[in-house]
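I set out to look up two things in this entry: where open space is left at the protein, and how one pair of helices packs.

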Amino acid sequence: AAKWADLFYKLDGNVHSKQYAVGKGFMDGTGYTSAMDVITQLSPLEQSKQEFQAFQNGADLAAKKEPSLYSTTNLMGTAAQLWLMSRIGGAGLGALGLSGPLARVLQGMLSVGGSEAIQNLGDFVAGKMTPEQYWTSVEHGVRTGGCLYTAHHGARALRGDGHGVGAPVPV
């Protein structure tokens, strides 16, 4: 059954490469692929692991055949994930009563660090990453997020639009 599923998805991914490339890009960008990797790795059902891997093989071929579609939708998925992580982080910080520039930096750290955690969780559970590599990637995301938000809001402060350092910013 696994062999037939693999053949089917490779053929289907080749015939419908545009649809597969768009789907694969968005799934990878949002972290859905990583989440499904975790679920299938933890599943005791061998068939679900094989079928998901077969689908991934077909989608990977389509992504190589249609790199522009894959890259564009991957970027859109990543942007959607970062936006959602930012909203969740902002709501949590707001619930704690934090606002202003420090809250924005913390929000950036939570957003990008959380995104890294989600994106790499599948590789970690599958054994493709060591715990040290996984946490290093999350730490890098946290640092990157803090730097990006600091730079963004620092530039806004220099521009004088009232949302930079020292001005309260709603979270």
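Pocket. I find that the largest pocket has a volume of about 210 Å³, a pocket being, on a 1 Å grid over the protein atoms alone, an open set of points where a 1.4 Å probe fits, with protein on both sides within 12 Å along at least five of seven lines, and the volume being the space filled by probe spheres set on the points. Of its 14 lining residues (an atom within 4 Å of a point), Asp-37, Phe-52, Gln-53, Gln-56 and Lys-128 are the closest to the centre. Two or more residues each come from α2 (17–30), α3 (32–42) and α4 (46–65), and α4 gives the largest share, 5 residues; helices here are DSSP runs of H or I, at least four residues long, numbered from the N terminus. I note the lining as 2 nonpolar, 6 polar and 6 charged residues, with Ala, Val, Leu, Ile, Met, Phe, Trp, Tyr, Cys and Pro as nonpolar, Asp, Glu, Lys and Arg as charged, and the others, Gly among them, as polar.

Helix pair. I see α5 (residues 67–95) and α6 (residues 101–125) pack at about 130 degrees with axes 8 Å apart, and the two are therefore oblique to each other (neither under 35, nor over 145, nor 65 to 115 degrees). Among the residues that meet (heavy atoms within 4.5 Å) are Met-85 and Leu-93 in α5 and Leu-106 and Ile-118 in α6. This contact divides into 8 nonpolar, 9 polar and 1 charged.

Provenance. The model is predicted, local features need pLDDT of at least 70, side-chain atom pairs count only at pLDDT 80 or more, and totals for chains, interfaces and linings use all residues. Residues are numbered from 1 along each chain as its sequence is written, and side-chain values use heavy atoms, without hydrogens and water.

How values were computed
Axes fitted to C-alpha atoms, helices over the stretch in contact; angles between N-to-C directions.
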